[in-house]
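I opened my notebook today to look up how two chains sit together and what else turns up along the way. Come and read along with me.

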2 protein chains.
Amino acid sequence: MNALLFDMDGVLYEGERPIAGAVDSIAWCRAQAIPHLFLTNTTSRSRQALVDKLAILGLNVSAAEILSPPVAARSWLQQNISGPVALFVRKQTASEFNGLEIATPEATDVAAVVLGDLGEEWSFARYNRAFRLLMDNPDAVLIALGMTRFWRAEDGLRLDAGPFVRGLEYATGREAVVMGKPAVPFFKSALALLDARADETLMIGDDIRGDIGGAQQAGIKAVLVRSGKFRPADLEQGITPFALLDSVASLPAWWHQQGW
Amino acid sequence: MNALLFDMDGVLYEGERPIAGAVDSIAWCRAQAIPHLFLTNTTSRSRQALVDKLAILGLNVSAAEILSPPVAARSWLQQNISGPVALFVRKQTASEFNGLEIATPEATDVAAVVLGDLGEEWSFARYNRAFRLLMDNPDAVLIALGMTRFWRAEDGLRLDAGPFVRGLEYATGREAVVMGKPAVPFFKSALALLDARADETLMIGDDIRGDIGGAQQAGIKAVLVRSGKFRPADLEQGITPFALLDSVASLPAWWHQQGW
C-alpha cells in the first residue's frame, strides 16, 4: 500500500467534534509521507469553507488535500475533454472550474455539461438549455456533481442535483459521469490526482455503500471504521470490507501490522 | 373478441389526411355495437380539440370515445384513491379532472400527485412542492400523464413530462403510475371504462412498442397495421403482434374471418 483516501464526515469528525485520535492519524500519515486525499461529496460549500470548519475542530487539513465533486470534475475534464464546458452550478462552485474553457451563455456547441445543485436557481429555461446542449452535440458529456436525492433545509426538504441528472439521463438517453462517492469516476479522479494505482491505494470510510462499495468497484481496497454512521447491520449488505477498525485512530498501528 | 382499442395517429390518420377506409372501419365498429375506445398519448390538447381535428378529416369521433392520459388518470383515481389530488398540469388539462377533489395550493396532505407537461410553468419551487407532497405522505401516489421525453417546439426541443417524472421517482424512491401507452395502467383504465376483460379485447396500432408491446403486457391481443410509423424492421424487435394488417381498412373482413 502506498496511498490513502479518507472519508471526512464520520471518519475525522462527527457533527461538531473530532473523532478521538483523528488528529494523530493524520499527523502519522504526513510523517510517513503517504500520498493521501480527503474525499467529500459536499458541493454546497467550497473547499476553503471545509478547511475552516476542520480547523475549528483542531483538524489541520489543507484545501489541496480535499477532493470534492467539483475538483474531481475539473480534473476529469482536463484529462478527457477538449472544448468549452457549460456549468450549471452555483457561483461558489463555479470558481473550482477556473482554468477550464467555460462556455458563454449563448454557446450552442459544448464538449461537456456540468450539473450541480442549483436549487431555486433552476428554471425550466435553464434546465431545458442543459438538455438542448446535450442534444445539439451527441458527443457532449454530462457530468454530475453527485447524485444526492435531496437535503433538509430549514424550511423543509429540497431536491438536490440527483433528480435533475436522472431527468436529463432519461431525456437524452445518455449516462452521466458521476463525481462523488460511490461513483467509480470519482475514485479514479482521486487516483489520477495522487498518481497512484488502485491496487496500492486504501480507502478509509464509515459508509458501507458510498465509501467501501464505491472504492471496491474502482479496484481499491477499503477499510470500514465503526464510527460515524456505521451500524452492525452494514456488514450484512453483501459488501465485505478489507478490514474493520474501531476508528481512524487504529489506522497507524494496523497499517504497520500489515507490513506496509 | 368483444371490445376494440384503436390507436389514433397512424391508424386513423397520417398527418393531415385520413387513412383510406378508416371512416368505414369506424362505422362498421359502431354498426356491430362493439365497445371501443380511441387511445392517444396526447396531453397538449383537450379531447374536444382532438374531436375537432378528426372532424375536419371526415372522422366522426366523440370526446367520450377518446381515452387520453388525463381521462385515464381520472378514472384510475376515482377507482383507487380517496382524498385530495394535487395537479401539476396545464390549465386546459386540469379541466379533465373535474369532479375529483382537487388539493388547494396550500395543502400538505394529498392522496395523489398528478404530473403532466408543464413546460415554462415549471419552477424549482413548483417541482419541489410536488416532491414534498410525496415525501409528506408515504402513501401518496405519483401519477404520470405519459413518459414522453421531449417534443419539438418551433424554437427547438423541449423537455416533456417524462424527465420530471423520472427525477421525482429517483428523489422519492417511488414508482409512478404511468398513464399513456405503453404503460399497463393506461390499458387497464381502458378496460375498466369499457367494462371489458383483457382476453376479449383487441388493440389496433402502428407502434410496435407503444401499441403492441404495451397492450400485450396488459394481457390484450394486439394487431399491427402497416400504416403510420410502421417499418418492416419493427417485426424484428422481439414483439410478435397477433396479426399484421395492411391498414385499419382490413379490420372488418379480417375480424369476421376469425369467427368473432
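**Entry 1: the contact between the chains**

I started with the contact, to which chain B gives 25 residues and chain A gives 25 residues. I kept in mind that this is a predicted model.

Next I looked up the area buried between chain B and chain A, which is about 2600 Å². Carbon and sulfur atoms give 67% of that area. Which three residues supply more than any other three of the area that chain B buries against chain A? I found Phe124(B), Leu159(B) and Tyr170(B), which together supply 33%.

**Entry 2: polar links across the contact**

I then turned to charges. Side chains of opposite charge can pair when their charged atoms come close. How many salt bridges are there between chain B and chain A? The count is two, while the structure holds 30 over all chains.

I picked one of them to follow: Arg132(A) forms a salt bridge with Asp155(B), and their closest N and O atoms are 3.2 Å apart. Arg132(A) lies in helix H5 (residues 124-136) of chain A, and Asp155(B) lies in the loop between strand E9 (150-153) and E10 of chain B, so this pair joins two chains.

I also noted twelve residue pairs in polar contact between chain B and chain A, with both residues at pLDDT 80 or more. On the side of chain B that touches chain A, the elements that give two or more residues are helix H5 (124-136), strand E10 (156-159) and helix H6 (161-172) of chain B. I sorted the residues of that side of chain B by class and wrote down 14 nonpolar, five polar and six charged residues.

**Entry 3: how the copies are related**

Two copies of a chain are related by a rotation about an axis and a shift along it. What rotation superposes chain B on chain A? I read off 180°, with 0.1 Å of shift along the axis and an RMSD of 0.1 Å. The two copies are therefore related as by a two-fold rotation axis. I also saw that the same surface serves both copies, since 100% of the contact residues of chain B recur in chain A.

**Entry 4: two open sheets**

In chain B, I traced an open sheet of four strands in the order E6-E7-E8-E11, with parallel pairing. Which strands are at its edges? They are strand E6 (85-88) and strand E11 (177-178) of chain B, each of which pairs on one side only. I looked at one pairing in detail: strand E8 (residues 141-144) of chain B runs parallel to E11(B), and two bridges join them. Ala144(B) has Val178(B) as its bridge partner in E11(B).

In chain A, I traced an open sheet of six strands, again noting parallel pairing, in the order E5-E4-E1-E12-E13-E14. Its edge strands are strand E5 (66-67) and strand E14 (243-245) of chain A, each pairing on one side only. Strand E4 (residues 36-39) of chain A pairs with E5(A) in the parallel sense over two bridges. Here, Leu39(A) has Leu67(A) as its bridge partner in E5(A).

**Entry 5: some backbone oddities**

Most residues other than glycine have a negative phi, and most peptide bonds are trans. I went looking for exceptions.

Is the peptide bond from Lys181(A) to Pro182(A) cis or trans? I found cis, with omega near 5°. Pro182(A) is placed in the loop between strand E11 (177-178) and helix H7 (184-194) of chain A. In chain B, the bond from Lys181(B) to Pro182(B) is cis, with omega near 0°. Pro182(B) lies in the loop between E11 and helix H7 (184-194) of chain B.

My last note is on Ala33(B), a residue other than glycine whose phi is positive, near 55°. I found Ala33(B) in the loop between helix H1 (22-31) and strand E4 (36-39) of chain B.

How values were computed
Residues are numbered from 1 along each chain as its sequence is written. Chains are lettered from A and ligands numbered from 1 in the order in which they are written. This is a predicted model: local features need pLDDT of at least 70, side-chain atom pairs count only at pLDDT 80 or more; totals for chains, interfaces and linings use all residues. Side-chain values use heavy atoms; hydrogens and water are left out. Contact means heavy atoms within 4.5 Å. Buried area is the accessible area (1.4 Å probe) that two parts lose on being put together, summed over both. A salt bridge is a side-chain nitrogen of Lys or Arg within 4 Å of a carboxyl oxygen of Asp or Glu. A polar contact is a pair of N or O atoms within 3.5 Å; within protein, one must be able to donate a hydrogen and the other to accept it, and residues adjacent in sequence count only if both atoms are side-chain atoms. Ala, Val, Leu, Ile, Met, Phe, Trp, Tyr, Cys and Pro count as nonpolar, Asp, Glu, Lys and Arg as charged, and the others, Gly among them, as polar. Copies are superposed by least squares on the C-alpha atoms of residues with pLDDT of at least 70 in both. Two strands pair if DSSP finds at least two bridges between them.
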